[in-house]
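Subject: Handing over the structure

Dear colleague,

I am passing on the structure that you will be working with, and below it I have written out what was found. Please keep the sequence and the 3D view open while you read.

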Amino acid sequence: MADKSISFLKSVKQRASWKKEREEEKRKQYESRIPYLPTECISNILVRLPLESLQRSRFVCKTWYRIVNSGIFIEAYLQRSESVLIFLVPPKRDVFFPYSRPNLQEHSNVFSVESKLFQLQSVPVLQRPVMDPTSLLHIKFMEIENCKMKMEEYNATCLGAVRAACGGLILLDNKMKKGGLIAVNPVTRELTALPLGTLFPPHSESYGLAFSQTTRHFKLVHLFRDEMQYVSCEILNLGDRSWRMVDGPAFGAFGWFGYEPVFAIRAIHWIPQVDHSEYIVSMTVDDEKFHHIPLPRSSGIQDRIVEMRGDLGFVSHEELCKIDVWILRNLCGEGWTKQYSITVGSESCMIPLYFSRICGEMIFQDEDGSLYAYDCSLQLMKNVEMKKGSFPLNCHYFTHVNSLLSWKIQGNVID
């Protein structure tokens, strides 16, 4: 009986060995039919793929997966990624049954930020709170290509509002935990819950997200104003478990926190007044110090600061029919220089939304919701083709770039 068992085991091992040899032989035959491509060549092809195609291609084989997830490739893809606007919209309701609950099961690959967070925190399914489908918001982005607007989906939902964006990461309110925040990359669907900071109502606080070249970390900056009108500042390195207090801006520097801060020239910048602001408040990310930077002219209610290929731009309505674009290349250099003067219609009320880093166009929105793109190289204003009602007017937009970045990656990836 023992001899039969030994013989049987030996036969099984021989068959397994023979099967493995056959599979290896087939693999070699298959590879011999495919021309060899160096890794650099494959990377050069993959980096040119659209975002959706790249997401599928990364799972073709182990080699492609390693290439796409390498720091060099992630940086190269970031440099080729165009600026977009990211925002949240509620789910569509049935036209004939407006009070029915929206169906979120139409797409099986819809990603829920809160559900993923519960998985990471190992919360048992039966202990998870029930999320109301009517409260879920869809994460979308808008891009402009060849003067045509396109609305794109991440197939992702969340409950909390967007509070900040930088380098492909967005910061969301954590509605499952009062005062909590969630850092998310909507492309890779990587996320992490952030520790509680100081609790303040949204109108009395501002969040800025930036990348520090010194520490090689993303930094989250939180400004909040108390009842005595003092503005305090706390900072969290993404990946750390606690906030730390730093010296805030000078007393009286801020009148409100309505304008979103802009990250450029290694600093986070705020326009501190609703109207007639003579300066911007800047915090250099590496040394965490606050500065007052005089503006070339008083900022009006339609004026904005924007990031322009690493520089800081100030878009100012100089006259009724004229818009000037000023550039600041560093905080300790020669100051602002006028880069462009744009002539517009006498009845236009165009507000700058963002600057497209690849096409080199300044995107404006008129008071009727129309979009315009100013080509800086041709110095030509063009009307953006858009479907009626496709771009929501009342959403809160953030300038964003679709990337594969993670807060875990340390390196010189953002200039």
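What follows goes through the strands, then the salt bridges, and then a few single residues. Please bear in mind throughout that this is a predicted model.

Let me begin with strand β1, which covers residues 83-89. How many of its residues are buried? The count is 7 of the 7, so the strand is largely enclosed by the rest of the structure. If you look along β1, you will see that S83, L85, F87 and V89 point one way while V84, I86 and L88 point the other way, and that all of these are buried. "Buried" is used here for a relative accessible area under 20%.

β1 also has pairing partners, and it may help to recall that the strands of a sheet pair through backbone hydrogen bonds, either parallel or antiparallel. With strand β25 (residues 398-401), β1 is joined by 4 bridges, and the two run antiparallel; in this pairing L85 stands opposite T399. With strand β3 (residues 137-145), β1 pairs over 5 bridges, again in the antiparallel sense, and here I86 is the residue that stands opposite F141.

Further along the chain there is an open sheet of 4 strands, which come in the order β21-β22-β23-β24 and pair in the antiparallel sense. Which strands form its edges? They are β21 (351-356) and β24 (380-383), each of which pairs on one side only. On average, neighbouring strands of this sheet are turned by 25° against each other, if direction is ignored. Within the sheet, strand β23 (residues 371-375) is joined to β24 by 4 bridges, with the two running antiparallel, and the bridge partner of A373 in β24 is K382.

K382 leads us to the salt bridges, because its side chain meets that of E361 in one of them, at 3.3 Å from N to O. The two residues come from distant parts of the chain, since K382 lies in strand β24 and E361 in strand β22 (residues 361-365), 21 residues apart. Their surroundings are worth setting side by side: K382 is partly exposed, with a relative accessible area of 23%, whereas E361 is buried, with a value of 8%.

In total, 13 salt bridges are counted. Another one joins R297 and E318, whose closest N and O atoms are 3.2 Å apart. Why does this pair tie together separate parts of the chain? R297 lies in strand β16 (residues 289-299) and E318 in strand β18 (residues 311-319), so the pair connects parts that are 21 residues apart in sequence. R297 is partly exposed, at 25% relative accessible area, and E318 is also partly exposed, at 31%.

A third example is the salt bridge between the side chains of K150 and E145, with 3.3 Å from N to O. K150 counts as partly exposed at 33% relative accessibility, and E145 counts as partly exposed at 42%. These two residues belong to a network of salt bridges that links E143, E145 and K150.

Turning to the surface, you can find a nonpolar patch of about 380 Å², made by M228, Y230 and F251. Y230 sits in the loop between β10 (217-225) and β11 (231-237). Is Y230 buried, partly exposed or exposed? With a relative accessible area of 47%, Y230 is partly exposed.

L159 is likewise found in a loop, the one between β4 (148-158) and β5 (162-166), but L159 is buried, with a relative accessible area of 14%. Measuring along the sequence, L159 and D173 are 14 residues apart, while in space they are 7.7 Å apart, C-alpha to C-alpha.

Finally, a word on the cysteines, where the number of disulfides comes to 0. Among the cysteines, C166 is buried, with a relative accessible area of 9%, and C233 counts as buried at 0% relative accessibility.

With best wishes

Key
Residues numbered from 1 in each chain as written. Predicted model: local features only at pLDDT ≥ 70, side-chain atom pairs only at ≥ 80, totals over all residues. Heavy atoms only, no water. Pairing = 2+ DSSP bridges. Axes fitted to C-alpha atoms, helices over the stretch in contact; angles between N-to-C directions. Patch = residues over 30% accessible without salt bridge, like charges linked within 9 Å, V, L, I, M, F, W, Y side chains within 5 Å. Areas by Shrake-Rupley, 256 points an atom, 1.4 Å probe, with all protein chains shown as cover. Salt bridge = Lys/Arg side-chain N within 4 Å of Asp/Glu carboxyl O. Buried < 20%, exposed > 50% of the residue type's maximum accessible area, 1.4 Å probe, protein only. Disulfide = S-S within 2.5 Å.
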